[in-house]
Amino acid sequence: MTRSRFLAFYLLCGFAAALAQIMANPMSEVPMVGASGAISGVMGAYLVLFPRVRVYTMVPLGFFFYQMALPAWVMLIYWMALQFFGGITSIVSEEGGGGVAFWAHVGGFVAGLVLIKVFERRDRIVAHTSHHWRPDY
């Protein structure tokens, strides 16, 4: 993407995130502050563009931590599942998610999944992946 295309993409993801949170809880008196919904859109776009890039994570095994590399799609789907189930919990609980806009995260992520195909520049993606990352094993 060019800078201007990224700015438009980012703002649209943020708008979709805010809209999703409002639709999920229209009577909320808690103000929405932050950019996490728009950042979630970037994460959704990353899932579409680079699903197999390796992401290093620490996995707790008792008192020890084990480092492992996973494809990006595993971590992003895991994160999205946490947001979705957090959103479900916020609907059924009296506390409403404890101030976390779970549905904004979900809305931004979905917007990023959909909008990236409108904003991507395929020639730049191919150039970037061939120049910066090793091919998958």
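Start with the long-range contacts of the whole chain: among contacts between residues at least 6 apart in sequence, 65% join residues at least 24 apart. Keep in mind on this tour that you are looking at a predicted model. While the full chain is in view, colour it by secondary structure, and you should find 5 helices and 2 strands. From one end of the sequence to the other, they follow the pattern α-α-β-β-α-α-α. If you colour by accessibility instead, 28% of the 137 residues count as buried.

**Stop 1: the hairpin**

Select residues 54-61, which form strand β1, together with residues 64-71, which form strand β2. The two strands run antiparallel and are joined by 8 bridges. Now zoom in on the turn end of the pair. Which residue of β2 stands opposite Leu61? It is Phe64. Step back to Pro60 and you will see Phe65 of β2 opposite. Between the strands of this hairpin there are 2 residues. One residue to click on here is Gly62, whose phi is positive, near 70°. Before you leave, show the side chains: in a regular strand they alternate between the two faces of the sheet.

**Stop 2: where α2 meets α4**

Next, select helix α2, residues 36-49, and helix α4, residues 102-119. Their axes lie 6 Å apart, and the helices pack at an angle of about 45°. That angle is neither under 35 degrees nor in the 65 to 115 range, so α2 and α4 are oblique to each other. Turn the view until one helix lies in front of the other, and the crossing of α2 past α4 is right-handed.

Now bring up the side chains at this contact. On the α2 side, pick out residues including Gly37, Ser40, Gly41, Gly44 and Val48. On the α4 side, the residues in the contact include Ala104, His105, Gly108, Gly112 and Ile116. How many residues of each class take part in the contact of α2 with α4? There are 9 nonpolar, 8 polar and 1 charged.

**Stop 3: Gln83 in α3**

For the last stop, select helix α3, residues 72-92, and find Gln83 within that helix. Is Gln83 buried or exposed? With a relative accessible area of 8%, which is under the 20% cut-off, Gln83 is buried. Show what surrounds Gln83, leaving out its neighbours within four places in sequence, and the contacts are Phe102, His105 and Val106. You have met His105 already, as one of the α4 residues in the contact with α2.

Key. Residues numbered from 1 in each chain as written. Predicted model: local features only at pLDDT ≥ 70, side-chain atom pairs only at ≥ 80, totals over all residues. Heavy atoms only, no water. Pairing = 2+ DSSP bridges. Helix = DSSP H or I, 4+ residues; strand = E, 2+ residues; numbered from the N terminus. Axes fitted to C-alpha atoms, helices over the stretch in contact; angles between N-to-C directions. Parallel < 35°, antiparallel > 145°, perpendicular 65-115°, else oblique. Left-handed = near helix turned anticlockwise from the far one by under 90°. Contact = heavy atoms within 4.5 Å. Nonpolar A, V, L, I, M, F, W, Y, C, P; charged D, E, K, R; others polar. Buried < 20%, exposed > 50% of the residue type's maximum accessible area, 1.4 Å probe, protein only.
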